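These are my notebook entries on a structure of paired chains. I set down what I looked up, entry by entry.

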Amino acid sequence: MAIRARNNMSVVGDGRITLVLANGFGCDQTMWSRLSPLLSERYRIVAFDYVGSGGADVSHYDETRYASLEGYADDLVKVAEHAGGRPRVLVGHSVSAMIGLLAQKKVPGLFDAHIMIGPSPSYLNEGDYRGGFDRADIDELLGTLESNYLGWSAGMAPAIMGAPDQPELSEELTNSFCRTDPAIAARFARATFLGNNLADLPSLQVPALILQSSQDIIAPLAVGEHVSRTVANGTLRLLDNIGHCPHMSVPHACAAEINAYLAQTLPEPRHPT
Amino acid sequence: MTTEPADDWCDLAPCGLMLTDSSGTILRANAQFCQSLGYRALPQPGAPTFQSLLSMGGRMFHQTHWQPLLEMQSAVMEVKFDFLHAEGHRVPMVINARVLTLESGQVVHSIAAFAATDRDRYEQALLKAKSEAESLLRERTDLEQQASERSLFAEQLIGIVSHDMRNPLTAIRMGTEMLVMKDSDPGQLKIAERINQSVDRALALIEDMLDFTLTKTGRSLDVERVAIDLHDVADAAIEELRWSFPRITLTHVSEGDGLVWGDSSRLTRVIGNLVANAYRYGDSSHPVTVTTRVHGGRVRLDVHNMGPPIAPSLIPLLFKAMSRGSSSHGGGVGLGLYIVSQIAAAHDGTPYITSTAEDGTRIGIEFPLKPALPAV
């Protein structure tokens, strides 16, 4: 199968280290367009879309396969292997940090390090664990998705005003959201927000950087702390940011953290003289 | 509340208007916005940000969709959110928003909110109807699937039973022959002959059923087209059929050179099925004629009999499986003509039929002398 076309893979930049950028729920790879240019001078950047979003080939969508994060993890394995490059690092936003965790479990050594932006191993409050949400909240989200994707389904483009200074960007994003089938979005939302990967965290043995926003209702600080403590080799870095998408709102701060972490974790090998 | 004229003007607007900073902190909200959510003024200590006014699900959508869209495109239109009224209930509103940079350099979000209670109710009804329609469709698809599985099972069962019946029937036939091997009693021989004829008919029926199963499960009949003399094939078939149908007079008319490319055992089946049909439905006081005609690159093989004509309304159904010309005659399950049409198709040909009271009934197949060359 042509993974490149199926997952709409794109490659920019050049460098010793390959970064695979995996976006979170609700978005496609366009969401990297602010961070990616800051990283591409130093690294080789591979981005992609999950099947059912953005420019990925929706004909490969399978209800059963994508009913849980496992199906997405299988795809990430294929994408990473196709991306090649060593060392190879995953930059996963939100649910993609967990998809990366599952992918690494399937294929140990798939990535040499993980950079998790706003990860959450479980969104639900269960027992002592505070994911931040109750089941009713998730149902509410599904309702909101349903009433908003309706207007965004095929043929009826959302009346999104263009960005006057970046018309091509507006076109790209408008299309990317238009193309998401509401049923696919709802299934991905269920897989994302009802999934529980708490038990999988300790399996991550390679170094992991957790980039945590100071204020993020989707992935609160306590959750980020839990992730960094529970993976084998975690580092927590706090970003002064309100919201769930620091790679969009504070891309320079994100890039600086990533550069510093990778320089330390995957240093250039010293050649014997 | 300030008393600047601009604010007064905003307060007159029949929609909610709000300014927030780029993280959602409310800077100003007009009277309509506050009123729709039951507040005297906004922001309030319990409602400091735009997102704090949303339901929890709405906040998730805000974080995962609305905010990224707004950041990337500087504007988002027509997104429906459930807002939380100060008294706790939900207020659906449609939101338009755009990003503005003030002269001071501050980036703010300008937000307009439109009451959407009726629209929301209508949309909920639509969604409910859609989900009901989908569940009906699922139910129907399931039923169709079950029906098709049952039908496939029935066809496979016919195949299995037919196949397994061959062996006992063959044993009966051999046993009968052994019983009368040294017997010269004409009465015993007559009985043995009848048994064998019945067994032969049962075996022919089994062949039909096996072929029926084969074609109904999506495969085509195996046909090996080699050079044969069709006239000779027909003669041999007729000779055998005279034993099975001693009460009818069988004649053979042949026209043209008999060299054709065909499957002799399949074409023998065609003659057998058509003669059995003529015997069953025709007037047995008249001869039954088998015609083999090769002319102009086409081959016609048919069987003619006199007798009551077939009703025109039945003719289109005759080559379909399990349909029968008349129920007043016994024998057969209506597979014979179906098999004939399948054999015709396997020879790149078609079946044909004519039936009138004056000229009797003629049923047969027509096919090209040679198979078409495979496309390169």
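**Entry 1: Ala171(B).** I looked up the environment of Ala171(B) in the predicted model. Ala171(B) is exposed, because 11 other C-beta atoms lie within 10 Å; a residue counts as exposed with 12 or fewer such atoms within 10 Å of its own C-beta, as buried with 20 or more, and as partly exposed in between, the C-beta atoms being placed from the backbone. Ala171(B) belongs to helix H4 (residues 117–179) of chain B; helices (H or I, at least four residues) and strands (E, at least two) are DSSP runs numbered from the N terminus. I also noted Val199(B), which is 28 residues from Ala171(B) in sequence and 10.0 Å away in space, C-alpha to C-alpha.

**Entry 2: conventions.** I recorded that residues are numbered from 1 along each chain as its sequence is written, and that chains are lettered from A and ligands numbered from 1 in the order in which they are written. The model is predicted, so I noted that local features need pLDDT of at least 70 and side-chain atom pairs count only at pLDDT 80 or more, while totals for chains, interfaces and linings use all residues.

**Entry 3: helix pairs of chain B.** I examined H4(B) with helix H5 (residues 186–216) of chain B: their axes come within 9 Å and cross at roughly 160°. Axes are lines fitted to C-alpha atoms, for helices over the stretch in contact, and angles run from 0 to 180 degrees between N-to-C directions. H4(B) and H5(B) are therefore roughly antiparallel; angles over 145 degrees count so, those under 35 as roughly parallel, 65 to 115 as roughly perpendicular and the rest as oblique. The crossing of H4(B) past H5(B) is left-handed, that is, the near helix is turned anticlockwise from the far one by less than a right angle, whereas clockwise is right-handed. The contact of H4(B) with H5(B) has 13 nonpolar, seven polar and four charged residues. Here Ala, Val, Leu, Ile, Met, Phe, Trp, Tyr, Cys and Pro count as nonpolar, Asp, Glu, Lys and Arg as charged, and the others, Gly among them, as polar.

I then turned to helix H6 (residues 230–244) and helix H7 (residues 264–281) of chain B, whose axes come within 10 Å and cross at roughly 45°. H6(B) and H7(B) are therefore oblique to each other, and H6(B) passes H7(B) in a right-handed crossing. Residues making this contact include Leu230(B), Val233(B) and Leu241(B) of H6(B), and Leu267(B), Ile271(B) and Val275(B) of H7(B); two residues are in contact if their C-beta atoms, placed from the backbone, lie within 7 Å. By class, the contact of H6(B) with H7(B) has eight nonpolar, three polar and no charged residues.

**Entry 4: a hairpin of chain B.** Strand S1 (residues 16–21) and strand S2 (residues 26–29) of chain B run antiparallel and are joined by three bridges; two strands pair if DSSP finds at least two bridges between them. Leu19(B) stands opposite Arg28(B) in S2(B). Four residues separate S1(B) and S2(B) in the hairpin, and Gly24(B) in the turn has a positive phi of about 100°.

**Entry 5: the sheet of chain A.** I traced an open sheet of seven strands with mixed pairing, in the order S1-S3-S2-S4-S5-S6-S7 (chain A). Strand S1 (10–12) and strand S7 (234–242) of chain A stand at the edges with a single partner strand each, so one side of each has no neighbour in the sheet. Neighbouring strands are turned by 20° against each other on average, direction ignored. Strand S4 (residues 88–93) and strand S5 (residues 113–117) of chain A run parallel, joined by five bridges; His93(A) has Ile117(A) as its bridge partner in S5(A).

Which strands does helix H8 (residues 221–230) of chain A lie across? H8(A) lies across S5, strand S6 (208–215) and S7 of chain A, at about 160° to S7(A). The buried residues of H8(A), among them Val223(A) and Val227(A), pack against S5, S6 and S7 of chain A.

**Entry 6: contact and totals.** The contact takes 33 residues from chain A and 29 residues from chain B. H5(A) gives the largest share of the side of chain A that touches chain B, ten residues. I closed with burial: buried residues make up 50% of the 273 residues in chain A and 32% of the 376 residues of chain B.
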